[in-house]
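Student: I would like to learn how to read a two-chain model. Could you walk me through it, one feature at a time?

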Amino acid sequence: MNLDQEKDKEARISSFVGAIALSELVSPTLGPKGMDKILQSMSNNNEISVTNDGATILKSIHMSNPAAKILIEISKVQDDQVGDGTTSVVVLAGELLREAKRLIELKIHPQIIISGFRKAKAVALKALEKASVDKSKDKEAFRKELLKLAGTTLSSKILKTEKDKFSEIAVDAVLRLKGSTNLESIQILKKKGGSLKDSYIEEGFILDKKIGVGQPKRLENAKIMVANTPMDTDKIKIFGTTVKVDSSAKVAEIEKAERDKMINKCKKIVAHGINCFINRQLIYNLPEQYFTDNGVLSIEHADFSGIERLALVTGAEIVSTFDNPEKVKLGTAKLIEEIMIGEDKLIRISGCPDPAACTIVLRGSSGHILDEAERSLHDALAVLSQVQIETRTVYGGGCIEVLMAKDVEEEAKKVSGKESLAVEAFANALRQIPKILCDNAGFDSNQIVAQLKAEHYKGNVNAGVDMNLGCIGDMQQLGVVESYKVKYHALLSATEAAEMILRVDNIIKSQPRRK
Amino acid sequence: MNIAFDEYGRPFIIMREQDMKERLTGPEARKANILIAVSLMNILKTSLGPKGMDKILVSPDGEITVTNDGATILDNMDITNEIEKLLVELSKGQDDEIGDGTTSVVVFAGALLEQAQKLLDKGIHPIRIADGYEHACKIAVEHLKKISSEITFDRENYETLITAAMTSVSSKVVNEFQRQLSEIAVKAVLTVADLERKDVRIDLIQVQGKTGGSLKDTQLIDGIVIDKEMSHPQMQKEVSDAKIAILSCPFEPPKPKTGYKLNIDSVEKYKKLQELEQKYFHDMVKLVKDSGANLVLCQWGFDDEANHLLYQNELPSVRWVGGVEMELIALATGGRIVPRFSELNEKKLGLAGHVKEIPLGTTNDNIIVLEKCSQKKAVCIFVRGGNKMVVDEAKRSLHDAICVTRNLIRDNKIVYGGGAPEISCSLAVSKAADEISTLEQYAIRSFADALDQIPISLAENSGLDPIETISNLKANQIKTNNPFLGVDCLGKGTENMKEQNVFDTLAGKIQQLLLATQMAKMILKIDDVILHHGQN
């Protein structure tokens, strides 16, 4: 039998080592004082990125350890589902496994640890729910809460220097979506030059394309048609047709017919009464010239997501046939103009009646900064958009973890049998989060976490780590707020993953496929 | 054999084949085969029972599966040996026929062979062992039927079914929500079951999974879920009282199977062709619209022009719907799959009370849900979980639970679990062995010993002293004449499986015994293994 097997103790050690190593890899990036990583591509040494986003780091590293792969997977799911907390979920799972490892060394069976963890998880979730607050009823207060939320998310990222500015940008952008969670409608445009401070949210919409040759660079009261139709060579989609002619004169005739067909199409388009035509596909010179002659501004090759966003912004529908002008909904905008950002010419569409999409223009001195800024902003946007659905929030800065740990510890006292050790271990793992936050900031973590624990036992439920002063602070006053859903999901995934890894007593590897 | 000539023209013989072959014969072959089966058993037996452990399987591409389902473990293992392949087939056989007990069947077959080795060492001929096993298996099956009981249930009271499903789910990582998952599985089966004919078409139960959320969010959807989105981003996302045209033809001009060539040699013909093309699209959309449909599901794609026409005619549509889903949708909505536009009419449309597109998570990921289908014949279980591995394992667990429930609907006889039937059979078989005067007596007794392997593994996995537990159980079963005593895996304080509500299907248990015995017999009868090495 040519099976590569790791059994019992060996399998467990290999899982624990892999998982803990992974969590130690990302834990220094946690929190506002977390450090960044440089990721260098294996295939192309020039391709590097600088990031402190857990999901990005984990996605890029190559791991062959199965347990580590499970953690990478939960980080990805966390990113897809809630957008933030991708580091904390891995760190928490790692800490849970570290605790479990300690218990297994004390000869406690994994199944008992699992059932203890489950009890603890239930208590922790209850505590989390109890501590959550919902401020969605009062619009003004909710907006403030959103700003705080964005601030907390951004504080650990490169954007923290301009935290307030970007919080405003993110909140404005998300509120424009009107409850939709489709982040595709927010376009993030990265333009090198200037500094992060010069970034802004565009009132209208910016399209990174060019206006057709010889057409006006400025158009007021635009009536826009957004189309997805071939404007290069419009083939007839009947299969098996070939053109066979017996003289060159006929070739010219056919060619003319082809041209007529295109001109006809253009005529039909113009008959919609538009003065701006935006197509997803290429527009060849012939139709472009026709549009120019008829005073229609044409923009070619706007990619698919661009087209969808345009449709959302201008309220137009995406058109592919042009026979029923009366049925087609056109978009409107007060002004379309060519603008310059840095060196690049772009098209700005502004004054739309009810835009449901928007553009954020990011400026920065280098590509790496812009990339990281985009990732950070994306995290904030994702969190904010999810908060539109699940409006509850909790306090950050390690406050909620210590709070949950306290309840879990109380529960441990009630559990009889060996499970109580596992429940206690769960509480310890939770308290590691504020500890790591402190460690990363260079504070005396043992001291602060112990103080924090004491504060919570005194009944001060808002106590957390003040990351600026390095002492205990009131998270409500400091405005450190996190999304309930992020925490909920992180706790759930981390425990699920830890359970899954704990249950394994055998790793069976197939031979790697020959290349 | 090849004759070749060297450079001086002298002939020489090349014997290639000998080098390529490896041969094991007689006792050696048997020993090697048995060893392989036993080592597989040793891998699987730690996964038995509610306290069983999982395995991580790493595929050749580095993909990871975490499971404790016997069939899945074997399926994902890198198997090259023929005996291993036989055992994988065995597990699959159990999976196809019964759907549950895939681990036990391999463990039992392994145990039978392990016992056989001892007999072989004593000098008993393998055929005699095989005959003895055959005989013992008959006794065991008869005994199982004797100790089985019947359960009752109907559409309203299905608590017993849930209990049975729970036994099946209890050994998986998802057992935290075993009650919920079992309920979902049972409800799903009952919805599609035909209780009069005692038949369940399992393929009408769709099990779809998406990562995200928690297992707790897993739900039974009374309808069908398609992992697709509306073809045009601005189409309606929600349709009430949907009349669905289910099309298996593409929205494009017809493509005759016979090869043909269309020659264009004049401008008129060119223009005509162009008109024809336009007409095709318009006609197609018109035919759909005229049939009264307000939702189009198409197995194929359609191009931008058709897409827009559909949108303009307020016909939300979904493209690239899978064939299996098409059939399910047709069944559930009472519609017909229409292969030609001209055959579309109102009678062939499927009806669904509510159809909507639901976004998931932050990455533009959508699903389409068809609810309140007119025929109510198909349901979907939508599984959520924190990571891909959990979702996959939950799907497998649900499959097991669904199979168990189906088996009970087919045949409502059960035996109690926890190793109780194995112990009881073991007692019955060894009692019968004493009455047999031939050599087979030994084989029959070994069969009884092999039966003990399952409760022993259960006890081992639950952290109990296996030998002590089994001997106690045996003594107690004889003393109290109660065949329901089994291993108390969960430490509930009673060994009576009837009180613990742990039960398995009779059909499943019988199948396990039969399949494992057959496999053991087959392997025992092999006395010559000739291996051909490949070219490399």
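**A sheet across two chains**

Tutor: Gladly! Let us begin with a pairing between the chains: strand β20 (residues 504-509) of chain A runs parallel to strand β4 (residues 54-58) of chain B, and 5 bridges link them. Keep in mind that this is a predicted model.

Student: Which residue of chain B stands opposite A:Val504?

Tutor: Look at β4(B): the residue facing A:Val504 is B:Asp54. As a general idea, side chains in a regular strand alternate between the two faces of the sheet.

Student: How many strands form the open sheet, and in what order?

Tutor: There are 4 strands, ordered β1(A)-β20(A)-β4(B)-β5(B), with mixed pairing. At the edges are β1 (4-7) of chain A and β5 (64-67) of chain B, each of which pairs on one side only. Ignoring direction, neighbouring strands in this sheet are turned against each other by 15 degrees on average.

Student: In which sense do β1(A) and β20(A) run, and how many bridges join them?

Tutor: β1(A) and β20(A) are antiparallel, joined by 4 bridges. To find your place in that pairing, start from A:Asp4, whose opposite residue in β20(A) is A:Lys509.

Student: What does helix α1 of chain A touch where it packs on the sheet?

Tutor: Helix α1 (residues 8-26) of chain A touches β1 and β20 of chain A, and its direction makes about 95 degrees with that of β1(A). Helix α3 (residues 66-81) of chain A also packs on the sheet, touching β20 of chain A as well as β4 and β5 of chain B. The direction of helix α3 makes about 95 degrees with that of β5(B).

Student: Now the interface. How many residues does the contact take from each chain?

Tutor: Chain A gives 79 residues to the contact and chain B gives 83 residues. The size of an interface is often expressed as the accessible area lost when the parts come together. Here chain A and chain B bury about 7100 Å² between them, with 54% of it on carbon and sulfur atoms.

Student: How many salt bridges are found across the interface of chain A and chain B?

Tutor: The rule finds 4 salt bridges there. One to look up joins the side chains of B:Glu176 and A:Lys121, at 3.0 Å from N to O. For polar contacts, the count between the two chains is 16 residue pairs, both residues being at pLDDT 80 or more. On the side of chain A that touches chain B, the residues divide into 31 nonpolar, 22 polar and 26 charged.

Student: And how many salt bridges does a search of the whole structure find?

Tutor: Over all chains, the search gives 49 salt bridges. Among them is the one between A:Glu95 and A:Arg98, whose closest N and O atoms are 3.3 Å apart. These two residues are separated by about one helical turn, because they lie 3 residues apart in helix α4 (residues 86-105) of chain A.

Student: Could you finish with a hairpin? How many residues lie between β17(A) and β18(A)?

Tutor: That hairpin has 4 residues between its strands, and A:Gly470 in the turn has a positive phi of about 75 degrees. The strands themselves, β17 (residues 463-466) and β18 (residues 471-474) of chain A, pair in the antiparallel sense over 4 bridges. Within that pairing, A:Gly464 has A:Gly473 of β18(A) as its bridge partner.

Technical notes:
Residues are numbered from 1 along each chain as its sequence is written. Chains are lettered from A and ligands numbered from 1 in the order in which they are written. This is a predicted model: local features need pLDDT of at least 70, side-chain atom pairs count only at pLDDT 80 or more; totals for chains, interfaces and linings use all residues. Side-chain values use heavy atoms; hydrogens and water are left out. Contact means heavy atoms within 4.5 Å. Buried area is the accessible area (1.4 Å probe) that two parts lose on being put together, summed over both. A polar contact is a pair of N or O atoms within 3.5 Å; within protein, one must be able to donate a hydrogen and the other to accept it, and residues adjacent in sequence count only if both atoms are side-chain atoms. Ala, Val, Leu, Ile, Met, Phe, Trp, Tyr, Cys and Pro count as nonpolar, Asp, Glu, Lys and Arg as charged, and the others, Gly among them, as polar. Two strands pair if DSSP finds at least two bridges between them. Axes are lines fitted to C-alpha atoms, for helices over the stretch in contact, and angles run from 0 to 180 degrees between N-to-C directions.
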